[in-house]
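Here is a brief report on a two-chain model. It covers the interface, one sheet and the confidence scores.

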Amino acid sequence: MTAKMPSEEGKQNDASSEQNENDGGETSDLLGEDEDDEKQEEELSENAEALKEELAKIVVHPPTQEQLPKEIFDPAEFPDSYKENLPKENLVLQYSENFRRQYVHLYRDRKPLFLNPVNECGVEPRRLLSPTTILKRQKGNCFEYSTLLCSLLAGAGYDAYVVSGYATREVCLADESREICPLLKTKEEKMEEERKKEMKKYTVKPPKDLRSKFILKQEARAKSEKESEIAKRRQEEEEKQAELEKPPPDPLHGLRIHSWVLVLPGKREVPEGFFIEPFTGLSHPLDYESYLGIESIWSHANYWVNMQDCSEGVKGMNYDLGDCTQWEFMFNTDKPLLQIPEAEDDIIEGLEDEDGSNKGLRLMTEDTIFSEMDIQEELEKQMDMPPTWVEPIRLSRKDFEMRCPQGKKVKLYKRAKLEKFAHYLMRDGLICKLSVYEDRELTALIMVREYYAHREDKLQTKVYNHRTGIVVEYFNEGRMRCLKEHQFKASNPGPENERTMHFFDEARVDGLVSRIETPTEMTEHYKDREDFLYYKHVEFGKRPKKFGPQEGFGSNNPRPILKMVQKFHRNRSKLANEDIAELVFMCSEDKIQITYHTEDKRIASSTREYIKPHNWDEKGATLTFSGDMHQTFQVDPTSQQNKQVELYQMLLELLKAEDKCREQVRESEMEVVEILKDRTREESASELDISVYDTERNEKAKKHRRELERRQLEEKMRKQEMEVDYLAPFLAQLGEPEKLTRQQAYQLREDCLGDLKQRLIDKANLIQARFEKETQELQKKQAWYQQNQVSMQKNDEEEYLNYCSEAMFRIHILELRLNRHKENAPHKYMMLEQTLRQDPRLAEFF
Amino acid sequence: MSRLYDTVEPSVIDEEMLQKAVEDQGPKEEAGKIAKVEGIDFADVKSLRLDFKNILKIDNLWEFSCLTKLQLDNNIIEKIEGLDTLVNLVWLDLSFNNIEMIEGLDKLTRLEDLTLYNNRISKIENMDTMTNLQVFSIGNNDLKDLENLVYLRRFKKLKTLNLNGNPFCSQPEYRMYVIAFLSNVEFLDYRLIDQQSKDAAYEKYQIPIEEMLHNEKQGELKKEDEEKKAKQLELHRNAYVEGMDGPSLFDMMYSDDAEGNRLKEMPGVDELILTFKEKFVAICYQMFEFGLQENEKRQEEVAQFWECVEEAKLENKEMGMKTIADFMVYKKKAFQELGQISDSTLLDTKVKEFNTQVSELWDKLMGLELQIVDQLEEVIKDYERNMADMVSTFLENIQGFLSQCRDLENIHHERMMELSIVTLEKVIKNELDEEISEDLRMLFVDKDTIINAVSSSHDSHLLKIDNKEDDIVTRINNWLKTMIEQIHEEQEIVRNRRRVSEINNLIDHLRDEIDGLEIQQGAQY
């Protein structure tokens with residue numbers, strides 16, 4: 001990221017007060033000793049006598065900031081642009097000096113401007129370090145912070161400015177201990193307006209209220225009185241509390257210098273302007289009451305001095321920088337001026353005549369010899385600012401991820417402490433820890449909230465409530481069994497205790513939303529099930545005492561189930577009278593109770609009750625049924641009575657349903673045990689989950705990459721060996737000079753080409769010689785054959801013929817080779833020449 | 001195939017056979033025992049199997065109104081009959097019989113699975129109502145004509161088809177033909193049809209299929225269009241302005257008007273009628289627009305009324321249900337307590353308390369009911385008044401429009417009169433330029449005749465307009481009357497009776513319950 005920054009620099013320093021180093025952005029002390037002294041002087045002039053006594057009491061301390069070790073920068077660390085001024089920059093400096101002198105001249109009672117401070121390569125302590133240095137050191141004062149932030153914002157296209165002004169002590173010291181921690185701020189719950197019953201044309205009238213109106217009135221009055229009293233008391237208490245927590249009065253209120261960032265609307269779809277506090281990074285509205293005044297603002301392009309009244313803080317300030325009655329600029333600006341230049345120039349001039357002090361600031365001084373118009377023109381010519389001398393702002397990925405020095409940071413808020421950690425810094429994945437206390441001294445802990453990231457068990461947040469002893473863990477999606485939230489007592493983490501689990505019901509096959517347990521009860525809520533079940537409640541009895549060694553919470557000795565309740569939503573495909581709404585298995589009484597849904601036109605619902613046959617739990621037993629085992633109430637007395645056989649079949653089904661329900665309860669119990677086992681295992685081995693794309697941290701990927709790199713290197717080496725350097729022998733002849741001279745290069749080329757030529761000719765000669773030799777031999781043989789043809793035997797003749805054909809073949813081949821060589825040789829020659837031309841060592845000469 | 005009649009005596013479906021079948025196929029074991037003691041109603045039976053019974057005639061099955069599955073295979077049935085009452089049938093098996101014709105299945109609209117395997121059927125027909133058919137087996141029959149299969153295209157859900165063993169199966173193009181023309185079918189003759197053969201079949205019969213699809217599409221569009229038109233007409237009828245967007249009323253005026261039609265030939269009448277018609281139709285159209293607007297308003301009013309009534313009822317119902325639920329919680333607790341009390345005096349007080357609570361419940365529920373009765377009564381009264389107002393304004397306006405029509409007619413009549421007098425004079429003087437027909441000439445014999453003719457035409461026109469008015473007035477008044485009556489009947493009387501009897505039933509039940517408990521307790525001591 002590159003960003004421009006205000007590039008005023010120079011030897012002159014106009015910073016009005018000394019800035020303490022802000023260590024890691026935590027504290028900043030802008031205590032101005034000068035102001036202190038001035039104040040005392042004023043008092044002195046008023047009453048000299050009283051002062052004498054006062055003086056006796058005053059113990060003068062030497063300024064504390066002197067004790068701070070001065071940081072000295074090594075100029076060698078920085079590029080030239082940090083150390084030298086370009087001519088253009090010097091010009092800008094001249095202008096700023098001119099501006100300053102006019103300013104001082106015209107506004108004698110105003111504070112000196114913060115113009116051209118020195119950078120890290122200067123000598124004086126009053127300085128403004130460059131953003132790159134701040135980023136590297138990770139500490140600085142508010143001006144440096146603002147400059148860095150502003151540079152980044154301007155680089156990203158925002159209309160951002162550094163503001164130099166005054167702020168309260170708390171802001172200057174980055175003391176947030178009176179602010180509520182942003183993590184604790186509950187989002188303003190939109191109070192859902194109670195939907196007023198819409199009065200439609202035919203809405204029925206409410207029933208007549210037969211109560212006495214007088215009594216009602218009396219009651220209402222008594223009630224409102226009581227309420228107002230309570231409210232009053234509460235308010236008083238709150239006020240008292242607020243009084244207690246109010247910061248002690250600040251003797252330097254309004255004198256503390258601070259710097260922050262202003263972002264104006266217009267660019268990057270910013271709808272309205274706002275401030276950014278550099279120490280906290282929080283944005284504040286333009287009427288933020290902790291900012292007490294603005295002296296001047298500047299950006300990479302210009303410098304504006306505030307001409308507006310700041311007696312009431314920054315409220316109602318106008319940020320139309322083109323309005324020169326409110327913002328005095330240093331350089332002519334391309335921002336649209338409020339006045340239309342030609343039409344109103346005369347008026348301005350007229351104004352100047354009358355009230356020269358106001359308008360004369362436009363760079364008109366005694367020693368300016370140009371007329372105003374000339375200056376204007378010249379300025380327009382020279383308006384472009386010199387390029388920034390600061391290196392591009394770069395933030396390494398590692399630094400970005402570490403965020404704070406050492407990756408850790410502690411912040412104090414009102415009754416809360418916030419600790420932040422960089423990702424992957426803590427072995428258990430902790431990234432943030434918020435402790436909430438009862439008192440401002442941070443001694444009585446109420447609650448601790450821990451935020452985690454990248455954990456394999458998907459733990460996201462963990463909340464310990466130290467008052468109730470309840471722990472709540474929140475998980476992200478992706479766990480086995482889809483756990484979303486787990487709430488339990490820290491003192492009783494085992495199964496069959498008080499706990500609440502919430503699940504990601506969309507991911508679960510059974511649609512379980514939550515499971516709430518107490519030692520004797522378990523309630524489950526479901527959603528979107530095909531069987532319309534939405535609620536299940538189980539009551540457990542005490543375990544029958546068993547002799548012998550104590551067994552764990554296994555399936556060996558489950559708790560007896562006393563009662564199971566299931567509730568169902570309405571299934572519209574069934575008749576209401578046959579659609580079960582509530583099914584109660586009274587296991588301890590061997591009863592089954594059914595309540596059906598209510599028909600749309602009715603208010604009562606049918607019920608049914610079965611008494612289970614005595615041998616219901618015997619396997620394979622024939623279950624008997626008689627009429628007195630069943631009772632029913634039908635809302636519609638005229639409805640047909642069910643047949644006995646139907647009732648019997650219904651009973652069988654209910655018994656099956658009971659079995660199934662019981663099984664599910666046991667499964668739920670087992671699941672709880674399993675989840676708890678998983679949790680203990682996960683807690684003990686908290687490995688962090690590393691993304692496959694995270695090449696920095698993923699050890700496996702790292703190893704793989706290194707291996708690949710090694711292999712690539714080897715490959716490269718091998719290739720290099722393969723490529724023979726044909727210049728090597730000739731270079732050796734020249735004594736392997738570091739750099740070739742022109743002559744040497746020519747020589748080298750000539751040698752190289754000559755050598756190739758020689759070799760090509762040699763080769764051609766060689767082939768020619770062979771060819772000739774072969775031909776000669778053949779001729780000799782032929783002659784011999786001519787002579788001895790008569791006396792030759794058949795064998796010899798055959799031999800001769802064979803030889804002839806072979807020789808002819810060889811000659812033919814040689815002929816072909818010779819021809820081809822002749823054809824190729826020029827090509828080879830050309831190719832070498834080409835390669836030589838392109839050879840890096842020779843290229844510069846050809 | 002079929003067995004000969006003389007070898008085995010054909011049997012008749014009678015009480016005995018049915019009883020036996022039902023018992024054999026009914027519940028087993030303990031349930032069966034209970035069922036036997038109690039007896040099984042044929043109306044409760046869901047499925048029935050009557051196979052290998054040598055049945056000749058399907059009969060006496062009317063009692064099985066709930067039957068969803070019926071098996072009559074392997075009999076000697078010759079005619080499908082007597083199944084009209086079994087409207088719930090989903091599964092029907094008539095395989096291995098002697099059926100020659102598909103018939104008598106019109107009422108079985110829910111049928112999904114029909115088996116007519118191994119019969120003597122030669123034509124697929126009379127199945128139009130079985131829109132849910134999914135499985136159809138008609139193998140081993142006497143089907144010869146492949147084109148008859150196109151009939152099966154109407155079954156959009158038909159997935160499985162068995163045609164194996166029919167005469168046309170020996171034709172080489174049989175399979176291709178079936179696949180091409182019955183593209184919905186996935187299983188043919190026990191085998192899955194793969195995409196390849198589907199493509200091949202389509203290619204082969206592309207032209208006839210495209211043509212058929214086109215025709216079907218056209219038919220569908222036409223049907224849709226007709227439906228749309230019918231809907232539109234229905235809407236206009238409900239607005240009581242049907243036909244008012246055209247010259248239908250005007251045409252009607254001249255439909256029964258012999259004189260008028262005859263007079264049309266009179267020279268100069270053409271123009272008169274043209275302007276008259278134009279104005280008349282314009283008024284009719286205004287009426288039409290107004291009618292539609294009013295209808296919308298009325299519908300909106302009706303909807304609003306019902307919305308509010310339903311809301312009120314729902315609220316009342318919820319209050320009632322909550323009251324009952326609260327009481328049930330109390331009841332549960334009370335019964336639990338009662339079960340543990342052994343002291344008889346304490347028991348008595350508890351029972352008394354329970355009874356007072358029950359009475360209180362009754363009071364509350366009845367109070368709620370009274371409340372809604374009052375509320376509804378008031379609202380209905382309001383509604384009735386508003387509706388009556390609406391209807392009367394509608395009628396006033398309509399009558400206004402119609403009297404405009406009448407005025408037009410009167411003006412037209414006067415002009416006709418003038419024209420006819422003029423023409424009469426011309427005819428008498430024999431100055432008429434054009435030839436006129438003999439019919440018309442008959443009217444111009446003297447002044448009275450022509451005046452009478454014109455007047456009677458006028459009267460007939462007025463009569464038509466009056467008729468129209470009467471029709472609209474009666475219809476809308478009827479509508480209002482029936483609606484209001486229905487609301488009174490349904491919302492006030494029937495609803496109230498049902499709710500009161502429901503409350504009483506509940507209270508009686510609660511009292512019975514406590515009495516029963518008391519008796520039990522009393523018996524213990």
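## Interface size

Chain A and chain B bury about 3,100 Å² between them, and 56% of that area lies on carbon and sulfur atoms. The model is predicted. Area is a common yardstick here: the size of an interface is often given as the accessible area lost when the parts come together. By residue, chain A puts 31 into the contact and chain B puts in 38.

## Polar links across the interface

How many salt bridges does the rule find across the interface of chain A and chain B? It finds 1. The side chains involved are those of Arg602(A) and Glu502(B), with an N to O distance of 3.9 Å. That value falls inside the 4 Å limit used for a salt bridge. Polar contacts are counted too: chain A and chain B share 7 such residue pairs, with both residues at pLDDT 80 or more.

Two elements of chain A each supply at least two residues of its side touching chain B: β23 (630-633) and α13 (644-684). The largest share comes from α13(A), with 4 residues. Sorted by class, this side of chain A holds 13 nonpolar, 8 polar and 10 charged residues.

## A sheet in chain B

Chain B contains an open sheet of 8 strands with mixed pairing. The strand order is β1-β2-β3-β4-β5-β6-β7-β8. Which strands sit at the edges? They are β1 (47-49) and β8 (191-192) of chain B, and each pairs on one side only.

One pairing can be followed in more detail. Strand β5 (residues 135-137) of chain B runs parallel to strand β6 (residues 160-162) of chain B, and the two pair over 3 bridges. Phe136(B) has Leu161(B) in β6(B) as its bridge partner. In general, strands of a sheet pair through backbone hydrogen bonds, either parallel or antiparallel.

## Confidence

The model scores ipTM 0.76 and pTM 0.66. Chain B has a mean pLDDT of 87, with 97% of its residues at 70 or more. For chain A the average is 77, and 79% of the residues score at least 70.

Two stretches of chain A need care. Residues 1-44 of chain A stay under a pLDDT of 50, although the model has 130 contacts for them beyond four places in sequence. Residues 62-69 of chain A also stay under 50, with 6 contacts beyond four places in sequence. Where pLDDT is low, the predicted coordinates should not be read in detail.

Key
Residues are numbered from 1 along each chain as its sequence is written. Chains are lettered from A and ligands numbered from 1 in the order in which they are written. Side-chain values use heavy atoms; hydrogens and water are left out. Contact means heavy atoms within 4.5 Å. Buried area is the accessible area (1.4 Å probe) that two parts lose on being put together, summed over both. A polar contact is a pair of N or O atoms within 3.5 Å; within protein, one must be able to donate a hydrogen and the other to accept it, and residues adjacent in sequence count only if both atoms are side-chain atoms. Ala, Val, Leu, Ile, Met, Phe, Trp, Tyr, Cys and Pro count as nonpolar, Asp, Glu, Lys and Arg as charged, and the others, Gly among them, as polar. Two strands pair if DSSP finds at least two bridges between them. pLDDT is the predictor's confidence in each residue, from 0 to 100.
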